[in-house]
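User: Hi! Could you walk me through this structure, one question at a time?

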Amino acid sequence: MPAADALYHLQARDLRADGLRRRQRDIQSGLVEPASVLAARAAAQEASGRVEALQRELRTAEMDRQNLTGKIKGEETRLYSGRVTNVKEMTGIENEIVSLRRRLAQLDDQTLETMFSLETAQAEQKAAAERLAHIEERWRAHQERLRGELGAVETELASLTAEIEAARTGLRTSELGVYDDLRRRKGGRAVARVISGRCEGCQVTLPRADIERARQLALTYCSQCGRILLVD
């Protein structure tokens, strides 16, 4: 097989391998958790955090209520025990009971507001958890498809790599050197077919002498783009 023809077939395999490697990188990048999953998880965690904070607030309020109730009961016991006979002291106890009851009423109002807030937060937590579960389910299904495709890509790439290595063994070192250099400089396309007298790589019409020379075994290069010419 003429060198140009052999290099053209090698190039076809190399281009396919290039495409497979690009797809491999894209799939590997695609297997990283996307922003939508991270955002949904953050929203669910934030909603859970609000619920936990309100639950702690309610527990604290319940302890404060028990404390206030205990103090009121203690002051009422002192007031009605008969042991306190001083009018000024009795008045002080009564005022303290009024103050404690006022604080208890305020605490009960705040607790009721917190309970309403907790109910809302729990509904938001449920919605965020359901949304996260839905997004994660879709993401897992997408991952499975990507992993399946990645396996197929890697299998084909391994087979193609073996074919490329075998093809290169049949070419001269000098030919491969020129080919590899052109591939690096010409976007992966070192060899261009001549179609209707024009270079497939740069679309320039070629001199007849160049076309005739390219039909011989020696490598001939396009005078415009420098690619190796292949004439069928």
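**Salt bridges, core and overall form**

Analyst: Happy to! Glu-76 and Arg-101 form a salt bridge, with their closest N and O atoms 2.4 Å apart; the term stands for a side-chain nitrogen of Lys or Arg within 4 Å of a carboxyl oxygen of Asp or Glu. This is a predicted model, in which local features need pLDDT of at least 70 and side-chain atom pairs count only at pLDDT 80 or more, while totals for chains, interfaces and linings use all residues. Residues are numbered from 1 along each chain as its sequence is written, and side-chain values use heavy atoms, with hydrogens and water left out.

User: Which helices does the pair Glu-76 and Arg-101 tie together?

Analyst: The two residues are 25 residues apart in sequence. Helices here are DSSP runs of H or I with at least four residues, strands are runs of E with at least two, and both are numbered from the N terminus. Glu-76 lies in residues 35–80 and its partner Arg-101 lies in another helix, so the pair ties together H2 and H3.

User: Is Arg-183 buried or exposed?

Analyst: Buried means under 20% relative accessible area, exposed over 50%, and partly exposed in between, using a 1.4 Å probe and protein chains only. Arg-183 has a relative accessible area of 16%, so Arg-183 is buried.

User: Which residue forms a salt bridge with Arg-183, and which helix is that residue in?

Analyst: The closest N and O atoms of Arg-183 and Asp-18 are 2.9 Å apart. Arg-183 is in helix H4, and the pair links parts of the chain 165 residues apart. Asp-18, Arg-21 and Arg-183 are also linked in a network of salt bridges. The partner is Asp-18, in helix H1.

User: How many residues apart in sequence are the parts that Glu-163 and Arg-13 tie together?

Analyst: The side chains of Glu-163 and Arg-13 meet in a salt bridge at 3.2 Å, N to O. Glu-163 lies in helix H3 and Arg-13 in helix H1, so the parts they tie together are apart in sequence by 150 residues.

User: Why does the span of helix H1 agree with its number of residues?

Analyst: The expected span of a helix is 1.5 Å times one less than its number of residues. Helix H1 covers residues 3–30, and its 28 residues should therefore span 40 Å. The end C-alpha atoms of H1 agree with this, being apart by 40 Å.

User: Which element gives the most to the largest nonpolar core?

Analyst: A nonpolar core is a set of buried Ala, Val, Leu, Ile, Met, Phe, Trp, Tyr and Cys residues joined through side-chain atoms within 4.5 Å. The largest one has 22 residues, and Leu-7 and Leu-10 are among those with the most contacts inside it. The elements giving two or more residues to this core are H1, H3, H4 and S3. The most, eight residues, come from H1.

User: Which strands help cover the buried residues of H1?

Analyst: The buried residues in H1 include Leu-7, Tyr-8 and Leu-10. Their cover includes helix H3 (87–169) and helix H4 (173–185). It also includes two strands, S1 (191–195) and S3 (228–230).

User: What radius of gyration does the protein have?

Analyst: The radius of gyration is taken over C-alpha atoms, and the globule rule is 2.2 Å times the number of residues to the power 0.38. A compact globule of 232 residues would come near 17 Å. Along its principal axes, the C-alpha trace spans about 130 × 30 × 25 Å. The radius of gyration of the protein is 41 Å.

Conventions:
Contact means heavy atoms within 4.5 Å.
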